[in-house]
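Got a minute to go through this one together? Have the sequence and the model open, and we'll take it question by question.

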Amino acid sequence: MLDVLGMVGALERPKLLVNAARFGVDEYDRERHLRRVLRTDHLPRSAQALMMLLELEAVMDGQRVAKQAEYGIARHLDLLIAIMGEARILRATTRPTLVPT
């Protein structure tokens, strides 16, 4: 089983969608954006948030592929931006620190 960052890295989405999300990730504000995207007042830790976001995004991507009327590109982009932002936070907080010898 892949770890959560591996799952993010394994996502295959249209290049245009990914590039659009990359433009938004630098402006990602966890407090403001994650509350809105997850529709919650309680902010989970990054790993848990990523799992929740990946589940929501999978549903959105299924709607996109099936060309369902419920699909909204703005919501999909919000989810991808949040995924990229949370992955960035998780990577930054889980990096091993080098101990001088």
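Q: Which residues does His33 touch, leaving aside those up to four places away in sequence?
A: Keep in mind that this is a predicted model. His33 sits in helix 3. Once residues up to four places away in sequence are set aside, the partners of His33 are Glu27 and Tyr28.

Q: Is His33 buried or exposed?
A: The cut-off for buried is under 20% relative accessible area. His33 comes in at 17% relative accessibility, so it counts as buried.

Q: Which residues of helix 3 are buried, and why do they end up on the same side?
A: His33 has company in helix 3, where Leu34, Val37 and Leu38 are buried too. They lie on the same side of helix 3 because they cover an arc of only 110° around the axis. The cover over these buried residues includes helix 4 and helix 5. To name them again, the buried ones are His33, Leu34, Val37 and Leu38.

Q: What is the phi of the residue just after helix 3?
A: Just after helix 3 comes Arg39, in the loop that leads from helix 3 (30-38) to helix 4 (46-66). Arg39 is exposed, at a relative accessible area of 65%. Its phi is positive, though Arg39 is a residue other than glycine, and the value is near 55°.

Q: Which residue in the loop between helix 4 and helix 5 has a positive phi without being a glycine?
A: Look in the loop between helix 4 and helix 5 (73-94). The residue there has a relative accessibility of 73%, so it counts as exposed. Its phi is about 55°, and it is Lys67.

Q: Which helices do the buried residues of helix 2 pack against?
A: The buried set in helix 2 is Leu17, Val18, Ala21, Gly24 and Val25. They cover an arc of only 115° around the axis, which means they share the same side of helix 2. On the other side, Lys15, Leu16, Arg22 and Phe23 are exposed. The buried residues pack against helix 4 and helix 5.

Q: What is the volume of the largest pocket?
A: The lining of the largest pocket is made up of Val8, Gly9, Leu11, Arg13, Val18, Arg22, Leu80, Ile83, Met84, Ala87 and Arg91. By type, these lining residues split into seven nonpolar, one polar and three charged. The volume of the largest pocket is about 240 Å³.

Q: Which helix gives the most to the lining of the largest pocket?
A: Helix 1 (4-9), helix 2 (15-25) and helix 5 each put at least two residues into that lining. With five residues, the top contributor is helix 5.

Q: How many Å apart in space are Gly9 and Met84, C-alpha to C-alpha?
A: Both residues help line the largest pocket. Gly9 belongs to helix 1 and counts as exposed, with a relative accessibility of 61%. Although 75 residues separate Gly9 and Met84 in sequence, their C-alpha atoms are 9.8 Å apart.

Q: What share of the contacts between residues at least 6 apart in sequence join residues at least 24 apart?
A: Zooming out, the protein chain has five helices and zero strands, so from the N terminus the elements read α-α-α-α-α. The C-alpha trace spans about 60 × 30 × 25 Å along its principal axes. Among contacts between residues at least 6 apart in sequence, the share joining residues at least 24 apart is 64%.

Q: What percentage of the residues of the protein chain count as buried?
A: Here again, buried stands for under 20% relative accessible area. The protein chain has 101 residues, and the buried share is 34%.

Q: Which element of the protein chain has the highest mean pLDDT?
A: Across the protein chain, pLDDT averages 89, and 91% of the residues score at least 70. Where pLDDT is low, the predicted coordinates should not be read in detail. By element, the lowest mean, 84, belongs to helix 1, while the highest, 95, goes to helix 4.

Notes:
Residues numbered from 1 in each chain as written. Predicted model: local features only at pLDDT ≥ 70, side-chain atom pairs only at ≥ 80, totals over all residues. Heavy atoms only, no water. Helix = DSSP H or I, 4+ residues; strand = E, 2+ residues; numbered from the N terminus. Buried < 20%, exposed > 50% of the residue type's maximum accessible area, 1.4 Å probe, protein only. 1 Å grid on protein atoms, 1.4 Å probe; cavity = no way out; pocket = protein on both sides within 12 Å on 5 of 7 lines; lining within 4 Å. Points joined across faces, edges and corners; volume = space filled by probe spheres on them. Nonpolar A, V, L, I, M, F, W, Y, C, P; charged D, E, K, R; others polar. Arc of directions from axis to C-beta. Contact = heavy atoms within 4.5 Å. pLDDT = per-residue confidence, 0-100.
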